[in-house]
Amino acid sequence: MTAVAFARSRPVRVFRLEIRHSPVLWAIPLLAALFLFDAFRTAAGFVPVWSVRASVITTAMIAEFGPLGAGLAAWVASREGRRKTGDLLETTVRPAWARQAAALGATLFWLLLAFGIGVAAVYADTARQATWGGPPVWPVVVGVVEVVTLAVIGFTAGTLVPGRFTAPLVAIGTFVASLVGFHAALKVKPGSSLSALLSPATAVPQGDAGVFYHVAPDVAIVQVMFMGGISVALLGVLVARSALYQVSYREFFSAVWRAGRWPFAAAAALLVVGVAASSTAFALTGTARLGVSGWNIPALHDAASDKPIPYTPDCAGTTFTVCVHPAFSAFLGSATAALQPVAAEIAGLPGAPVRAEEVDSGPAYRLGIGTVLLGSASPSILNGAITGTPPVYEYLADADIAPFWGSASIAASGDWRSGFEQEFLTAFAGKPGTFFPTPAQQAVITALMVAAGAENKATLTLHSASPALAFPQQDDSSGHPVGPSPAQIAAAAVRFGALSPAARHAWLAANLPALRAGTITLAQVP
Amino acid sequence: MNIELSELTRKFGRTVAVDQVSLDAGPGVLGLLGPNGAGKTSLLRMLATVLPPSSGSLRLLDRNPARPADRREVRRRLGYLPQNLGYYPSFTVADFVEYFALLKEIPPHLVPKAVATAIEKVDLGPKARARLRTLSGGMLRRVGIAQAIVNEPQLLLFDEPTAGLDPEQRVAFRALMRDLGQTATVIVSTHLVEDVGAACAEVALMAEGKIVFRGSPEELTVRGVGHGVGDAPLERGYSAVLASARTAS
């Protein structure tokens, strides 16, 4: 068949008629507005790392396109019932499933076209800013399959219950179901029920997702199997339903005979294949385990995705070198500007790092489930650490350089810079693994930050009646502050900062082990 | 014969809508008269292959519509206008008729001409690009007639086709029915006995699911002489036959 003959063929012409009259066209402005104000703006606020930006496809975009698409599909499917055209259409030659396929196809055509344009917009914006990597495919596949599945669910509901309230109820129902799945997915962790991995909407991955290691496609494959299975099974229901037009359950068997065996054989086959695919996907999620490339499903896992992705870091500086992963090249200038002055303050001291290097945050944090795994009591894992000989300050992309709402312009702000410096000096002067430095450590760190020119009027104000420090005031279990007040710590910091650089250096060289051990009191700070 | 019914029965639960109806019909226009609830619409829906009979035999265009392949062939040559025409408001007249032309599997290259011809026949040419939501009830009825005749059917089933048409359009439609009846079997279910008198060569009168009269309009008129109630001779024949059927039951 030539292209022209195909374009003029009967199914294509019916499809074109349906496309011209699809109600999805009327909803496109609403979809566009929702997309621009939510998904696109959310993605634009994320660090320009492909996997992080792509996460809006399965979260925000699905929340916008999925329920609305399901409602629109239900509206289209209920058309024959609402408009009372069933009898008339039943007398035509084309089987009901064929005209329903055209109506569903036209609905999906507009939905997927709009969805595709949205994905293209997110990816085009990311391509403009990203400095490393390329667009991931699996989030798009999962997003497309979920949009299709929700539309098929809506279409089936509209066919079976062709009332005017079906469409809004379907839209609300699918939105609530997506939210329930999302909240369950936020709590998933090894050892718990893993069925929530079937929800495409989950926590926003951390800044270095897909940077040091590939994102294993295992969970995406299972999600596609699960949702695709639902779609296929429901298509079987639609085929059977279309062959049983206006048949009561008493007439079921005579109607099956009347319709012929092929529609029912096809419907049964679709139902069996769909249920089998979804059941298999459900069972596979139970075998998932956390690996370096994220959630791995042994039956689907490719060990190649566990290998680190080779890269050459982008570095700056000679005496103190600051390196970032090339995915974060845009942050190199800010990172260097933040770390070099404070590194100079401690240069030559025992354990002072000669280099700062960005490292992988690990699979749990990459997936955004670190706090679920460890609880809020152990945030110190997010701090950088000084390791090796010569000492190297290793920091995490998400905690230090590019929080998920981060961008290169945010990284140039005073708040971002003082936070980075504070973590660097905490790793140097604090007790390893401790999130809250002692009051003496806080005073020393604060003084060194001020000496390096890091004083920020919003977060670090020493010379006032009620000084603001970069460190939070520690409270006891009943919420009462413990230890010295911020004013006392600020006074010690001012005192220490008033020393000459040589005097500060000498005091630190002599007292660093005790300071790190936490045995020096605030009063002992010179 | 294009229609052969033998003891055709349709039940809805315990209600017998069509009760052992036997009827043959060849080309020509057959008027189906009867009061509300007589079973006309159920009979028409069975003839339209929408509703399967509960018992009895039904052959349309020399085929058995109970068999899927035969039913498909019957539908290819069938035109149907239901009593309550459903339509899609956003469709234009041409789109709506084209939609049915395609669903009736008219060869694609013939569709544009078939659509234009059907629309012209119902005198809606100037409104071909108008959306259905903008049309009056009478115009919508003509759109329904256009979709029914777009495939040049050999079996045409009209359920109250002239409802909503103005007198001029009704006259034009009667002429169209006579024209169609030259080659096709046209069954017209109606309450309007003047339509039957003007356009139908034969009349069947239904009451309580049965056919209680079958003959020409003239024969029906004769039945009413000196007996029936009504303003016109045909109406008197109609009411006389009905009264007689009720007495017999």
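Select helix H5 (residues 137-149) of chain B in this predicted model. Helix H5 of chain B lies across strands S5 and S6 of the same chain, and its direction makes about 165 degrees with that of S5(B).

Next, display the sheet to which these two strands belong. In chain B, 6 strands form an open sheet, and their order is S5-S6-S7-S3-S8-S9. The pairing in this sheet is mixed. Strand S5 (78-81) and strand S9 (210-215) of chain B are the edge strands, each pairing on one side only. From one strand to the next, the twist averages 15 degrees.

Within this sheet, select strand S6 (residues 155-159) and strand S7 (residues 185-189) of chain B. They pair in the parallel sense, over 5 bridges. Which residue of S7(B) stands opposite B:Phe158? The residue in that place is B:Val188.

Helix H9 (residues 233-248) of chain B is the next selection. Helix H9 of chain B lies across strand S3 (28-33), strand S8 (202-207) and S9 of chain B. Relative to S8(B), helix H9 of chain B runs at about 40 degrees.

Return to S6 of chain B and follow the chain onward to B:Glu160. This residue is found in the loop between S6 and helix H6 (167-180) of chain B. The phi of B:Glu160 is near 50 degrees, a positive value in a residue other than glycine. Most residues other than glycine have a negative phi.

The second sheet of the tour is also in chain B. Here 3 strands form an open sheet in the order S2-S1-S4, with antiparallel pairing. Strand S2 (15-25) and strand S4 (55-60) of chain B each have a single partner strand, so each is left without a neighbour on one side in the sheet. Neighbouring strands of this sheet are turned against each other by 25 degrees on average, direction ignored.

Select strand S1 (residues 3-12) of chain B together with S2(B). The two pair in the antiparallel sense over 7 bridges. B:Leu5 has B:Leu23 in S2(B) as its bridge partner. Now add helix H1 (residues 40-47) of chain B, which packs on the sheet and touches S1, S2 and S4 of chain B. The direction of helix H1 of chain B makes about 120 degrees with that of S1(B).

After S4 of chain B, stop at B:Asp62, found in the loop between S4 and helix H2 (68-76) of chain B. B:Asp62 is a residue other than glycine with a positive phi, near 65 degrees.

The next selection in chain B is a pair of helices, helix H3 (residues 93-103) and helix H4 (residues 111-121). These helices of chain B pack at an angle of about 125 degrees, and their axes are 9 Å apart. That angle makes H3(B) oblique to H4(B). The crossing of H3(B) and H4(B) is right-handed. To view the contact, show B:Val93, B:Ala94, B:Val97, B:Glu98, B:Ala101 and B:Leu102 in H3(B), which meet B:Val111, B:Val115, B:Ala118 and B:Ile119 in H4(B). Divided by class, the contact of H3(B) with H4(B) has 9 nonpolar, no polar and 1 charged residues.

Turn now to chain A and select helix H4 (residues 50-77) with helix H8 (residues 138-160). In chain A these two helices pack at an angle of about 20 degrees, their axes lying 7 Å apart. H4(A) is therefore roughly parallel to H8(A), and H4(A) passes H8(A) in a right-handed crossing. The contact of H4(A) with H8(A) has 17 nonpolar, 7 polar and 1 charged residues.

Keep H4(A) selected and exchange its partner for helix H7 (residues 96-129) of chain A. The axes of H4(A) and H7(A) come within 10 Å and cross at roughly 160 degrees. H4(A) and H7(A) are therefore roughly antiparallel to each other. This crossing of H4(A) and H7(A) is also right-handed. In the contact of H4(A) with H7(A), the residues divide into 17 nonpolar, 5 polar and 2 charged.

Two local features of chain A close the tour. How many disulfides does a search of the whole structure find? Over all chains, the search finds 1 disulfide. The disulfide joins A:Cys315 to A:Cys323, with an S to S distance of 2.0 Å. The link of A:Cys315 and A:Cys323 is right-handed, with 110 degrees about the S-S bond.

Finally, select A:Pro390, placed in the loop between strand S6 (385-387) and strand S7 (392-396) of chain A. A cis peptide bond joins A:Thr389 and A:Pro390, with omega about -5 degrees. Most peptide bonds are trans.

How values were computed. Residues are numbered from 1 along each chain as its sequence is written. Chains are lettered from A and ligands numbered from 1 in the order in which they are written. This is a predicted model: local features need pLDDT of at least 70, side-chain atom pairs count only at pLDDT 80 or more; totals for chains, interfaces and linings use all residues. Side-chain values use heavy atoms; hydrogens and water are left out. Axes are lines fitted to C-alpha atoms, for helices over the stretch in contact, and angles run from 0 to 180 degrees between N-to-C directions. Helices (H or I, at least four residues) and strands (E, at least two) are DSSP runs, numbered from the N terminus. Angles under 35 degrees count as roughly parallel, over 145 as roughly antiparallel, 65 to 115 as roughly perpendicular and the rest as oblique. A crossing is left-handed if the near helix is turned anticlockwise from the far one by less than a right angle, and right-handed if clockwise. Contact means heavy atoms within 4.5 Å. Ala, Val, Leu, Ile, Met, Phe, Trp, Tyr, Cys and Pro count as nonpolar, Asp, Glu, Lys and Arg as charged, and the others, Gly among them, as polar. Two strands pair if DSSP finds at least two bridges between them. A disulfide is a pair of cysteine sulfur atoms within 2.5 Å.
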